[in-house]
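I sat down with this protein to see how its pieces follow one another and what packs against what. Here are my notes, in the order I looked things up.

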Amino acid sequence: MKNVTDNRNHLKTMKESAFKTLSSLNIKPTSQRIDIAEIMFCKDQHLSAEDIITILNDSDSSISRATVYNTLNLFAEKGLVRRVVIDSSKIYYDSKTTPHSHYFNIDTGEISDFEFEDVKISPLPKLPEHTVQDSVDVIVRVKNSK
Ligand SMILES: [Zn+2]
């Protein structure tokens, strides 16, 4: 019985922490947003909107696709998640927002992190007029060696 109680307490804590995080960013903490935040922020991970829809469907949730997409866009605008764009059909949301770069395995579709400091682009190309550098996204595409 103790484990059941522990799990319930853990879930309650997760919900409370999602509620606090959303409220602190002036995001209205609706139950749908809290459910999506719980899935997204339980660990460092890269999930597509479709991954989240699948997880929600498995838990019999009735959150619509549009709500999932809108919520992820809102989280990205507020800096809660970072978009990782592999190509126009493969957009992932990263719960780790500190600077880092990604490997994308084209054979398996797997995304993994590596530390940003490992990459040196020097000197950076001259920036267009009237712009400043915001960030540098690096995706190293790898494939399985034969
Ligand atoms: Zn990442």
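First I read along the sequence and noted the pattern α-α-β-α-α-β-β-β-β-β. That gives 4 helices and 6 strands; helices (H or I, at least four residues) and strands (E, at least two) are DSSP runs, numbered from the N terminus.

Before going further I wrote down the ground rules. This is a predicted model, in which local features need pLDDT of at least 70, side-chain atom pairs count only at pLDDT 80 or more, and totals for chains, interfaces and linings use all residues. Residues are numbered from 1 along each chain as its sequence is written.

Next I checked confidence, as pLDDT (the predictor's confidence in each residue, from 0 to 100). The protein has a mean of 89, with 94% of residues at 70 or more. Helix α1 (residues 2-24) has the lowest mean, 79, while helix α4 (residues 65-77) has the highest, 97.

Then I looked at burial: 14% of the 146 residues count as buried. A residue is buried if 20 or more other C-beta atoms, placed from the backbone, lie within 10 Å of its own.

Which residues touch the most other members of the largest nonpolar core? I found Met40 and Tyr93, in a core of 14 residues. Such a core is a set of buried Ala, Val, Leu, Ile, Met, Phe, Trp, Tyr and Cys residues joined through C-beta atoms within 7 Å. The elements giving two or more residues to this core are α1, α2 (31-40), α3 (49-58), α4 and β3 (90-94).

I stayed with Tyr93 and listed its contacts (C-beta atoms, placed from the backbone, within 7 Å). Leaving out residues up to four places away in sequence, Tyr93 touches Met40, Leu47, Leu72, Ala76, Val81 and Arg83.

Leu47 led me to a sheet, since I saw that Leu47 stands opposite Tyr93 in β3. This open sheet has 3 strands in the order β1-β3-β2, with antiparallel pairing; two strands pair if DSSP finds at least two bridges between them. Its edge strands are β1 (46-47) and β2 (82-87), and 2 bridges join β1 to β3.

Finally I turned to the other open sheet of 3 strands, ordered β5-β4-β6 with mixed pairing. Here the edges are β5 (111-115) and β6 (139-142), each pairing on one side only. Strand β4 (residues 100-105) runs parallel to β6, with 4 bridges between them. I noted one partnership there: Tyr103 bridges to Val140 in β6.

Technical notes. A residue is buried if 20 or more other C-beta atoms lie within 10 Å of its own, exposed if 12 or fewer, and partly exposed in between; C-beta atoms are placed from the backbone. Two residues are in contact if their C-beta atoms, placed from the backbone, lie within 7 Å.
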